[in-house]
Every structure is written in structure tokens, then in C-alpha cells.
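Work through the exercises below with the structure in view, and try each task before you read its solution.

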Amino acid sequence: MSEQKIEMFTDGACRGNPGPGGWGTLLRYTSNGAAADCTEKEMFGGEPDTTNNRMELMAAIQGLEALKSPCQVTLTTDSQYVLKGATEWMTGWKRKSWMTASKKPVKNVDLWQRLDSALSPHDVKWEWVRGHTGHPGNERADALANRGIDEL
């Protein structure tokens, strides 16, 4: 049986940086390739004192950790920090025991390590979209992230 194909849209938000923050994730699975057979799951959460980058990471982590078996995931984010960290920087950080090129500890290392673990069972294709430009999946993830703050 082939891996399920999942579309994932993630976003983080913060009111103040640091300040109260939220993360939002929209998961979409289409069975049989038919739009009429689309199943969606919305997820969100928040923390009273955090940063935008931590919430962006949490959105991706929570979405990946919610998947119950290995999947083909198209993960869409508006965060260059998460995208570049996962696709460009993480390999070097791991090789250098989670230190940056300037020999300083990686910021948010706890979440980067958790993301690394969450990514491992899946085949993830990363896509970047500019935030707040009307992209439907990104706008829904943004609304969920703000709901995460509102419901603290």
C-alpha cells in the first residue's frame, strides 16, 4: 500500500516578540484524488510567553506528529526560518552537535531536534508562500494560530 498524500499548511503568530503566541496547522487528505473526498483537520495551540519562530516551528511539529503512519507530505509555510532550517541548515547543525557555523548553540534547539524527529518517518516536500497574500491554506493556518493566542 502506498503512503498517504497529505497537504499541510502551517503558521505561527505572536503578539509581541516575545509575547503570547499561537500556532496553527491545517491537514488535508484527499482520497482517490477527488476533491469531493477531501478530509481536513484543523489544529492549534498557544503559549503565554514565546516567540514567533518557536510558534512557526511548533505548527510544523504538531502537524507532523499528528500523522499516524509514514506519509508523503507537502508542507506549506510562510516561514523562511523553518523552511531553510529544515532544508538547508539542520544537516550542518547536526554534524556540528547542534552548533552554528559561528560555533554558537542553535537557538530553539529543543524544537529543531523535535522537528528533526517528526520529519524522519515522512517524505516531506517543502513549499514557501508569502504570508498574508490571500493563499487559502496559509490564511486558514494564520487564523488558527491567532485562535491559539485568543484561547490561551
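**Exercise 1. Describe the largest pocket by its volume, its lining and the elements that supply the lining.**

Step 1. In this predicted model, the largest pocket holds about 210 Å³ of space.

Step 2. Its lining is made of 13 residues, and those closest to the centre of the pocket are Gln 4, Ile 6, Leu 27, Tyr 29 and Leu 67.

Step 3. Strand S1 (4-14), strand S2 (19-30) and strand S3 (38-50) are the elements that give two or more residues to this lining.

Step 4. When the lining residues are sorted by character, six are nonpolar, three are polar and four are charged.

**Exercise 2. Work out the order of the strands in the sheet and say which strands stand at the edges.**

Step 1. The sheet is open and has five strands, which follow the order S3-S2-S1-S4-S5 with mixed pairing.

Step 2. S3 and strand S5 (123-128) each have a single partner strand, so they stand at the edges and one side of each is left without a neighbour in the sheet.

Step 3. From one strand to the next, the twist averages 20 degrees.

**Exercise 3. For the pairs of strands in the sheet, find the sense of the pairing, the number of bridges and an example of bridge partners.**

Step 1. Recall that strands of a sheet pair through backbone hydrogen bonds, and that the pairing can be either parallel or antiparallel.

Step 2. S1 and S2 are paired in the antiparallel sense over nine bridges, and Glu 7 has Arg 28 in S2 as its bridge partner. In the hairpin of these two strands there are four residues between the strands, and Gly 16 takes a positive phi near 95 degrees.

Step 3. S2 also pairs with S3 in the antiparallel sense, here over eleven bridges, and the bridge partner of Tyr 29 is Thr 39 in S3.

Step 4. Strand S4 (residues 71-77) and S5 run parallel and are joined by six bridges, with Lys 125 in S5 as the bridge partner of Thr 74.

**Exercise 4. Explain why S2 is described as largely enclosed, and find the helices that lie across it.**

Step 1. A residue counts as buried when its relative accessible area is under 20%.

Step 2. Nine of the twelve residues of S2 are buried, and therefore the strand is largely enclosed by the rest of the structure.

Step 3. Helix H1 (residues 52-65) lies across S1, S2, S3, S4 and S5, and it runs at about 155 degrees to S1. H4 lies across S1, S2 and S3, running at about 140 degrees to S2.

**Exercise 5. Are Gly 12 and Asn 138 buried or exposed, and which residues do they touch?**

Step 1. Gly 12 lies in strand S1 and has a relative accessible area of 7%, so this residue is buried.

Step 2. Not counting residues up to four places away in sequence, Gly 12 touches Gly 22, Trp 23, Asn 52, Met 55, Glu 56 and Ala 145.

Step 3. Asn 138 belongs to helix H4 (residues 136-150), and with a relative accessible area of 2% it is buried as well.

Step 4. With its neighbours within four places in sequence left aside, Asn 138 is in contact with Phe 9, Thr 10, Asp 11, Asp 78, Val 129, Arg 130, Gly 131 and His 132.

Definitions and conventions: Residues numbered from 1 in each chain as written. Predicted model: local features only at pLDDT ≥ 70, side-chain atom pairs only at ≥ 80, totals over all residues. Heavy atoms only, no water. 1 Å grid on protein atoms, 1.4 Å probe; cavity = no way out; pocket = protein on both sides within 12 Å on 5 of 7 lines; lining within 4 Å. Points joined across faces, edges and corners; volume = space filled by probe spheres on them. Nonpolar A, V, L, I, M, F, W, Y, C, P; charged D, E, K, R; others polar. Buried < 20%, exposed > 50% of the residue type's maximum accessible area, 1.4 Å probe, protein only. Pairing = 2+ DSSP bridges. Contact = heavy atoms within 4.5 Å. Axes fitted to C-alpha atoms, helices over the stretch in contact; angles between N-to-C directions.
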